[in-house]
Structures are given as structure tokens and as C-alpha cells.
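Colleague: Please take me through one part of this model at close range, with the cut-off for each term you use. After that, add whatever charged and polar contacts you think belong in the same account.

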Amino acid sequence: MGARETALNALIAVRKEEAWSNVVLKSYIQRDKLDGRDAALATRLCYGVLQNRALLDAYLKQLLTGRLKDLHPAVRDILHMGLYQIYKMDKIPDAAAVNESVQLTKKYCKIPKASGLVNAVLRSAVRTVGQLETPTDYCRKYSHPQELIDLLKPYVGKERLVAMLEANNEMPPMTVQVNLLKISRDGLLERLEDEGVTVRDHPVFPSCLILENTGNIERLSAFRDGLFYVQDAAAWLSVQCAGIKTGDRVLDCCAAPGGKSFAAAMCGAGEITSCDIHSHKVMLMEKGAQRLGLTNMHPICQDASVFVPEFENRMDVVIADVPCSGYGIIRKKPDIRYKAPESMEALPVLQLQILRNQSRYVRPGGTLLYSTCTLTYRENEGVVEAFLQENPSFKLVKLPLPEEIRQEREGMLRLVPGQYETDGFFICCMRRV
């Protein structure tokens, strides 16, 4: 099975089963035994279509003689993939994009003349490259539902809105952190370059590295030897803001896949308790800790909203990176943009419940870090303000930020995609006094 068919299978699963694209795509790449090159192509096609669906539909309407809504769903997916290759991928020959799409149509749609339709539409697309009208409204140009744009605009700001929409449609960079317990930064650079990986510094956070030309990252000996771990600069920054000191007892209450616990270990934390509600994710963290050589990290299966008496008043630092709507990581999970905002309405209730519960574990003088990978007030400042009103013993702490980062409100920070080459993120640090 080739890369295009794997990508098509993932798109169908996202559409029919409401599967998360990043999860199902990884599963299908492993199932179909794609090598690094084909895995990269399948990923680019799946993400590219999801990131540009409304724009591709706008082009399709100009190329079709019939109605868009009358297309067989699989044919529409295949046409999206074909158009994306023709319009957005310079290195793909037009003939390959057309012919492969026709073959997929014959296999996945038994409707007579469907393959002829795909052939005609895509050949017309090749002939009219640069001639079709490109929509100017943000909804179609950047393929974000208008409801989502209206929801995020007040928190992002008019001046940053377009940059965010554009960033959401880019392929996310591979940002990693050095395992300083095993190797120096320079030592890791040498190992990666020996394996043909291109490495560049993060433009704002020099300790974060951005990798290119990695192929399947798990095949790199530097990865297998535990010399680095994947983590976005925003998540890394949140842990730095917690001010972890050597020997601190740290609780990471929603820890999977473990990046913040790993970062806490690099800060010199003593005992790290890493919790997650799902047992398979706990196993994932155990493997990650073993790969990195972290003997002080203890993953356990635990619901963050349920009180654990033996944790009460024991922790120097509690990290509460709570479940959220994920509007800050749309570039990594492009299908989030198509989820109904109403389905996220109950999240602040759960977030506040977790924050209340986790605060009971912070010792007097200890630190409580609240973070999300979303952008809305109700999941961020709204939750923190409700918590502080109920808990006057907790006070906001000024965040230790680089000069380049503008802090709009002391103790709280919202990072917007397209701003500092990070995920969208919210960070708040509080101390129990």
C-alpha cells in the first residue's frame, strides 16, 4: 500500500469515525509499513487536505460541472488530495497526482464514470493552475470555520489573527529538548549531524532545537539512546516558569506523554510523580523514562480530579496541564478546527475541579502551575480567576520570561501560534503563601 492510499484511509477514518488524524495516521503508517519517505508524504497529504479543505472546495466548485455536495465522499477526498498535490506540492509531477488519484478512485468508489470524473477534474486543474479565483474571506482562504474565527479573534487580537491562521496551516516543526543527563548540547548536535539530520536553533529559546530531515525519528540512534525528547518550546517554557529547584518533589497530574515530567527532570527535580488516567499512556511514559534514563520519575494511573490523601501538602511543585479544547495546537491536530465549539463547553468545569484538587497537594511556599494548549478566556484566565477567588492562600507569581516575550498580565501568559514559533499555549504560575 502506498503513501497516497494510507493518507486516504486516514482521511476517511477522520470523516466517518471522527478519529483524530494524528493518532489514526500514525497507526496506519505502521500498519502499512511505510518507509520514512512514504510516511512523510502520507503525513503531508493527510494534514494538507485537512488544513486546506475549504480552500480546496472553493477550487473544486470552479472545476466541477455538477454540484459539490453530489460528489461521493471518497471521491471528494481523492479530489482534495489530487488538488493539494497540484496546487501545493511543487515536487510532485502533475501526471503522478492525476494518475494515482484515478487509480484510488477505481479502488474506493465503484460508481460508474467516477474515475473519469476525477481524471477530467484534475486534468482541468493542471491546465488552469494560477487561473482560478482564490477566495479572500478568512473562512475559505485559511479553511477555518467562521464560528471558530469569531470565537478566537477576541483573545488573539486583530493584529495577530492572520498570522495565527497561517501558522495553523503550516507543517509543525520538530522541536526537541536535549537530555542533559546523558549528553551536552554540542554532543547531541554532532550525533544528529552524523545521522544526516539538519539542526537549527529555536529563534527565541536557544536551548530548544528544531530538527529537519529526520525521517522516522524512532530510527535515529540518538533517539533510541535517549539523548533527546520531542517537546514544543511552549510546553518547555511552562515547566521553566515553575521554578523547579534541585531535589524538589514534583507532581505532574495530567502527564502523558510525559514531556513536562522529562523537562522537570532536566531542571534537577528529585522525585517526580507522573499521573495519567489511562493505563496505556502510563506505560508509554514508563518507556519514555526508561529510554531517557530517568530513575526518579514514577508514572502511575491516577485521575487528576480524585483526591489522593497521601499527596496532601507534600509537593514542592504541582504541574496541572489540564485537558482542553486544543485550539493552540491546530497545526498538529488540524481536525480540531472542525469540532463543534459546543462540545467543549463543559471543559472549564473539569479544569477548575482538577485545579482545586491539585492545589491540595502543594506544600506551603510551594508552586502550582496551571497550563493549557488553548486560547480562550473561559478555559484559561476564567478558570484561574475562579480558583483564586476561592483560594486566597494562592497568589500569582511573575513569570521568568525572555525579553522577547511580552507578558500582558503578570503571572499569566498566552502564546499565540505565529507569534514566537511555538504552539498556542497558556501558562499561569501561583504560589501557596
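Modeller: The answer starts with one strand and its partners, then turns to the neighbouring helix, the salt bridges and two polar residues.

The model is predicted, so local features need pLDDT of at least 70 and side-chain atom pairs count only at pLDDT 80 or more, while totals for chains, interfaces and linings use all residues. Residues are numbered from 1 along each chain as its sequence is written, and side-chain values use heavy atoms, with hydrogens and water left out.

The part I have chosen is strand β9 (362-372). Elements are DSSP runs numbered from the N terminus: helices are H or I with at least four residues, strands are E with at least two. Of the 11 residues of β9, 8 are buried, so the rest of the structure largely encloses this strand. Buried means a relative accessible area under 20%, exposed means over 50%, and partly exposed covers the range in between, with a 1.4 Å probe and protein chains only.

β9 pairs with two strands, β8 and β12; pairing requires that DSSP finds at least two bridges. With β8 (315-321), the strand runs parallel and is joined by 6 bridges. In that pairing Met315 stands opposite Val362 of β9. With β12 (425-432), β9 pairs in the antiparallel sense, over 6 bridges. Here Tyr370 stands opposite Cys428 of β12. As general background, side chains in a regular strand alternate between the two faces of the sheet.

The connection is also defined in handedness: β8, α16 and β9 form a right-handed β-α-β unit. Right-handed means that, with the strands pointing away from the viewer, the path from the first strand over the helix to the second runs clockwise.

β9 is also part of the cover over helix α17. This helix spans residues 381-390, and its buried residues are Glu381, Gly382, Val383, Val384 and Phe387. Their cover includes α16 (347-359), β9, β10 (394-396), β11 (412-415) and β12; contact here means heavy atoms within 4.5 Å.

The structure holds 20 salt bridges, each being a side-chain nitrogen of Lys or Arg within 4 Å of a carboxyl oxygen of Asp or Glu. In general, side chains of opposite charge can pair when their charged atoms come close. One bridge joins Lys332 and Asp423, with the closest N and O atoms 2.8 Å apart. Lys332 sits in the loop between β8 and α16, and Asp423 in the loop between β11 and β12, so this pair links parts of the chain 91 residues apart. Lys332 counts as partly exposed at 26% relative accessibility, whereas Asp423 is buried at 5%.

Another bridge runs between Glu390 and Arg356, where the closest N and O atoms are 2.6 Å apart. Glu390 belongs to α17 and Arg356 to α16, and the two residues are 34 places apart in the chain. Both ends are partly exposed: Glu390 at 41% and Arg356 at 36%. Bridges with shared partners also join Asp232, Arg331, Lys332 and Asp423 into one network.

Elsewhere, Arg15 bridges to Asp77, with a closest N to O distance of 2.7 Å. Arg15 is in helix α1 (residues 3-17) and Asp77 in helix α5 (residues 73-88), so the bridge ties together parts 62 residues apart in sequence. Arg15 is partly exposed at 34%, and Asp77 is buried at 8%.

Asp276, in strand β6 (residues 272-276), is a buried acid with no salt bridge. Its nearest side chain of opposite charge, Lys281, is 5.0 Å away; Lys and Arg count as positive, Asp and Glu as negative, and His and the chain ends are not counted. Leaving aside residues up to four places away in sequence, Asp276 touches a set including Cys253, Cys254, Lys281, Met285 and Gln302.

The last residue is Asn52, in the loop between α3 (36-51) and α4 (53-63). Asn52 is buried, with a relative accessible area of 7%. A polar atom of the Asn52 side chain lies 2.8 Å from the backbone oxygen of Gly48. Beyond four places in sequence, Asn52 touches Tyr84, Lys88, Ser143 and Asn169.

Conventions
A polar contact is a pair of N or O atoms within 3.5 Å; within protein, one must be able to donate a hydrogen and the other to accept it, and residues adjacent in sequence count only if both atoms are side-chain atoms.
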